[in-house]
Amino acid sequence: MFVDVAKIFVKGGNGGHGAVAFRREKYEPSGGPAGGDGGDGGNVILEVDEGIRTLMDFRYRRHYRAENGENGKSKKQYGKKGKDLILKVPPGTIVKDIETGVVIADLTKNGERFIVARGGRGGRGNAKFATSTRQAPRFAEAGEKGEERWITLELKLLADVGLVGFPNVGKSTLLSTLTDARPKIANYHFTTLTPNLGVVRISDDNSFVIADIPGLIEGAHAGVGLGHEFLRHVERTRLLVHLIDASGLEGRDPIDDFYKINEELKKYSPKLADKPQIVVANKMDLPQARENFSRIKEEMDKLRLELIPISAATSKGLDELKYAIWNKLKEIGDPEPIVEVVEDINFYEFNKNKNKVIVKKEGDKYIVEGDPIEKLINSTNFDDLDSLRHFQKVMRKRGIVDELKKLGIKDGEIVSICGYEFEFFD
């Protein structure tokens with residue numbers, strides 16, 4: 001089965017917690033804090049593997065989590081870093097953040113890597129909180145949570161040339177004669193249910209990739225037939241080879257077919273309408289095609305489009321077509337990016353509230369919440385005076401106490417901080 005879109009959840013590993021420990025060796029009379037830092041959480045990484053052709057691996061499993069970092073240990077030993085989780089994707093995969101709709105990666109080269117969810121940083125052990133006035137801190141820092149998000153993986157085939165045209169005009173037959181590809185061929189509409197790729201060799205050192213896109217019909221841009229699912233694959237191509245049935249045996253006019261397909265491409269994406277085209281009149285071994293050819297040629301000359309007559313069934317004209325495509329590709333040059341990728345993206349932007357603290361009043365209740373405060377709560381030992389003082393100091397330094405006063409809080413009133421209730425005293 002060909003799978004070209006997948007929606008998955010990814011989460012970086014949580015950072016390990018810092019340790020609270022003290023030296024107690026016989027020859028260490030002063031002792032002192034010796035809690036080590038927690039290890040960083042692992043990242044979730046997407047890696048391009050040219051051996052993979054579809055997103056099938058993501059069809060049945062939707063949730064992916066990297067390993068958490070190990071907690072810190074005594075004797076200032078750091079916790080082990082969590083292992084990265086590497087997910088293999090095919091070349092041509094576009095990555096979108098579902099919440100924002102932003103394209104965050106366009107993965108095309110074999111071996112290319114992209115961190116889609118960063119692991120959380122490990123928390124500091126109590127050895128890091130020792131000062132000249134606080135020589136034996138009995139608290140450590142909690143590890144950060146790893147990033148998490150839902151993303152869409154969308155595969156757009158990496159082909160130089162896209163074969164487009166109505167169903168049953170001979171695209172699969174042409175692909176099989178030009179390349180070693182073996183697509184399913186039969187005399188009915190929509191024989192091709194998935195895009196097929198093949199390599200056309202010009203010489204030992206020169207070749208190009210051609211893709212047979214499933215047949216388009218009127219309304220394809222709006223989801224009619226198979227067009228909406230596979231039009232995305234045409235976007236990657238540098239050149240379109242527009243195949244028309246010159247014989248008109250199915251009761252359609254070949255010139256009318258040509259304009260209808262171009263209209264569908266334009267409605268799906270204006271960029272597609274601007275792509276260079278070579279028009280190919282197929283089935284020239286039939287008398288009806290030879291009768292229609294002069295009329296088709298006159299129309300294509302008006303549009304200044306190159307028209308090549310062939311017969312995919314008898315292989316007549318295929319060499320001319322092959323070299324015409326190769327020369328056109330050399331003229332076009334390298335493809336431009338088809339999507340606007342966010343450059344030098346700060347991945348923490350996606351968790352917009354990651355470093356934000358919210359102080360609000362709902363009815364008679366005062367509420368403080370946010371990731372930094374949750375981390376502070378988890379790091380505080382409320383049975384230890386030094387730890388409690390550190391908690392109060394951070395709350396004042398962040399301006400939370402001042403914000404609560406602006407909201408009108410009085411001594412003795414209750415404030416909920418990340419689900420924990422505290423009595424307020426200035």
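How do the residues of the lining of the largest cavity divide into nonpolar, polar and charged? They divide into 1 nonpolar, 2 polar and 4 charged. This is a predicted model, and the cavity is one of several local features described below.

**Cavity**

The count comes to 1 cavity of 30 Å³ or more. The volume of the largest cavity is about 30 Å³. Its lining consists of D245, G248, L249, E250, G251, R252 and D257.

**Nonpolar core**

In soluble globular proteins, nonpolar side chains tend to be buried together. Here the largest nonpolar core has 34 residues. L174, F208, L321 and I325 have the most contacts inside this core. Both helices and strands contribute. The helices that give two or more residues are α1 (171-178), α3 (254-268) and α6 (318-332). The strands that do so are β9 (161-164), β11 (207-212), β12 (239-245) and β13 (277-282). Helix α6 gives the most, with 6 residues.

**Rings**

The structure holds 6 aromatic pairs. One of them joins F391 and F422. Their ring centres lie 5.8 Å apart, with 25° between the planes. The pair counts as stacked because planes under 30 degrees apart meet that rule. It links distant parts of the chain. F391 belongs to helix α8 (residues 385-397) and F422 to strand β18 (residues 420-423), with the two positions 31 residues apart in numbering. The partners sit on either side of the burial cut-off. F391 has a relative accessible area of 6%, so it is buried, under the 20% limit. F422, at 21%, counts as partly exposed.

A charge also meets a ring. The charged end of K7 sits over the ring of W150, 5.3 Å from the ring centre.

**Positive phi**

Most residues other than glycine have a negative phi. K76 and S315 have positive values, and neither is a glycine. Both are in loops.

| Residue | Phi | Loop between | Relative accessible area |
|---|---|---|---|
| K76 | about 60° | β3 (63-65) and β4 (85-89) | 51%, exposed |
| S315 | near 70° | β14 (306-309) and α6 | 42%, partly exposed |

Why does K76 count as exposed? Its relative accessibility is 51%, and exposed means over 50%. S315 has a relative accessible area of 42%, so it is partly exposed. The loop that holds S315 leads from β14 to α6, and α6 is the element that gives the most to the largest nonpolar core.

Notes
Residues are numbered from 1 along each chain as its sequence is written. This is a predicted model: local features need pLDDT of at least 70, side-chain atom pairs count only at pLDDT 80 or more; totals for chains, interfaces and linings use all residues. Side-chain values use heavy atoms; hydrogens and water are left out. Rings of Phe, Tyr and Trp (its six-membered ring) pair if their centres lie within 6.5 Å; planes under 30 degrees apart count as stacked, over 60 as edge-to-face and the rest as tilted. Helices (H or I, at least four residues) and strands (E, at least two) are DSSP runs, numbered from the N terminus. Buried means under 20% relative accessible area, exposed over 50%, partly exposed in between (1.4 Å probe, protein chains only). A charge sits over a ring if NZ of Lys or CZ of Arg is within 6 Å of the ring centre and within 35 degrees of the ring normal. On a 1 Å grid over the protein atoms alone, a cavity is a set of points where a 1.4 Å probe fits but cannot get out, and a pocket is an open set with protein on both sides within 12 Å along at least five of seven lines; lining residues have an atom within 4 Å of a point. Grid points are joined across faces, edges and corners, and a volume is the space filled by probe spheres set on the points. Ala, Val, Leu, Ile, Met, Phe, Trp, Tyr, Cys and Pro count as nonpolar, Asp, Glu, Lys and Arg as charged, and the others, Gly among them, as polar. A nonpolar core is a set of buried Ala, Val, Leu, Ile, Met, Phe, Trp, Tyr and Cys residues joined through side-chain atoms within 4.5 Å.
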